[in-house]
Each structure stands twice: as C-alpha cells, then as structure tokens.
Amino acid sequence: SIEQTFGIIKPNAVQDGNIGNILSAIEKAGFTLRGMRMARLTPELCRGFYAEHVHKGFYPELEAFMTEGPVVLLCLEGENAILRWRELMGATDPAKAAEGTLRKLYGQNMGRNATHGSDSPDSAAREVSYFFSAFDRI
Ligand code: CMP
C-alpha cells in the first residue's frame, strides 16, 4: 500500500556535500517527496525525537552528532515506502551495509551513518508529525 515515511539527511552527509546525491537516489528510487526542509536540531528536539534511545549508552554521542550541524528533514511517500527507504539506506552500521546503499556510500561509522529512516508504521507516523505540520506537507 502507499505509505509515508520519515527520513533525515544527517550532519555528516550535509557537511560532505552529499545532499544532492541522496536526493537524487531518492528520486531515482521513485519516492514522492511530500515534505523537505533544512533544520538545526536542538538537544531538546533531539531528545524528543530519539526518545527510545535517550537512556542508552550511545545517546550522548548521538545527540552531540545530530546537533553539530544542519540536517535535511524528509517526508517520503510511495508503495511500501517504509521498507523501501530502509533498503535504500542499508544497514545502520555502514561497515555492514550492502554495496550501493546510502550508508555504504556516504556513512563513516555507526554514528555518522548519513541517513535516518523510520523503522515501522508507528514510528513513521510519529516521526513525520514530529517535524512536519499539515501546512508544510504538500
Ligand atoms: P538512526 O537510524 O538514526 O537511529 C538511532 C541512531 O543511533 C542510529 O541511526 C545510529 O546512527 C546511532 N547509534 C550509535 N550507536 C548505536 C548503537 N550501538 N546501536 C544502534 N544505533 C546506534
């Protein structure tokens, strides 16, 4: 069925000049862009977004990274979009990601892994509405 999912182009990929490459891959994969804007996450926004990870050991490092520079927030739509966006990104750890995936191409390590994607219908709904209002989705 047609789904919407949420994505982030993370600070390392923005800094490395890979926004265009990632958007190009998204378009070539046939997603419809329903929302897109740049933002600078604050610690408060990051904590709310990654609520399920706040108490994990890697969270301080995750917050420091996600707030170090601008990100691109995305709402992607398409057939089976949640799974297909995760497949395009590849495994969370770029070292384990398949050839040709975004994290393999543009990620440096588990933290600086270039992109985020929702992992389920529930998280997609929560994450899209966390960053996008009805006014800035087309
Ligand atoms: P993301 O899909 O944005 O969701 C949580 C992020 O935490 C994940 O990508 C990784 O970049 C980061 N992270 C850092 N260390 C770990 C870890 N040990 N396990 C899972 N995620 C981690």
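Which residue follows α5, and what is the sign of its phi? In this predicted model, α5 is followed by G90, whose phi is positive, near 85°. This briefing covers the buried residues of α5 and two residues other than glycine that also have a positive phi, N80 and A114.

**Helix α5 and its surroundings**

- Helix α5 spans residues 81-89, and its buried residues are A81, I82, W85, L88 and M89.
- These residues lie on the same side of α5, because they cover an arc of only 130° around the axis.
- Among the elements that cover the buried residues of α5 are the strands β1 (2-9), β3 (71-79) and β4 (115-117).
- The cover also includes the helices α2 (19-28), α6 (102-106) and α7 (121-131).

**N80, in the loop before α5**

- N80 is located in the loop between β3 and α5.
- Although N80 is not a glycine, its phi is positive, at about 55°.
- N80 counts as exposed because it has 12 C-beta neighbours inside 10 Å, and the cut-off for an exposed residue is 12 or fewer.

**A114, in the loop before β4**

- A114 occupies a place in the loop between α6 and β4.
- The phi of A114 is likewise positive, near 75°, in a residue other than glycine.
- A114 is buried, since 27 other C-beta atoms lie within 10 Å, and the cut-off for a buried residue is 20 or more.

**The two loop residues side by side**

- N80 counts as exposed, whereas A114 is buried.

Terms used
Residues are numbered from 1 along each chain as its sequence is written. This is a predicted model: local features need pLDDT of at least 70, side-chain atom pairs count only at pLDDT 80 or more; totals for chains, interfaces and linings use all residues. Helices (H or I, at least four residues) and strands (E, at least two) are DSSP runs, numbered from the N terminus. The arc is that of the directions from the helix axis to the C-beta atoms. Two residues are in contact if their C-beta atoms, placed from the backbone, lie within 7 Å.
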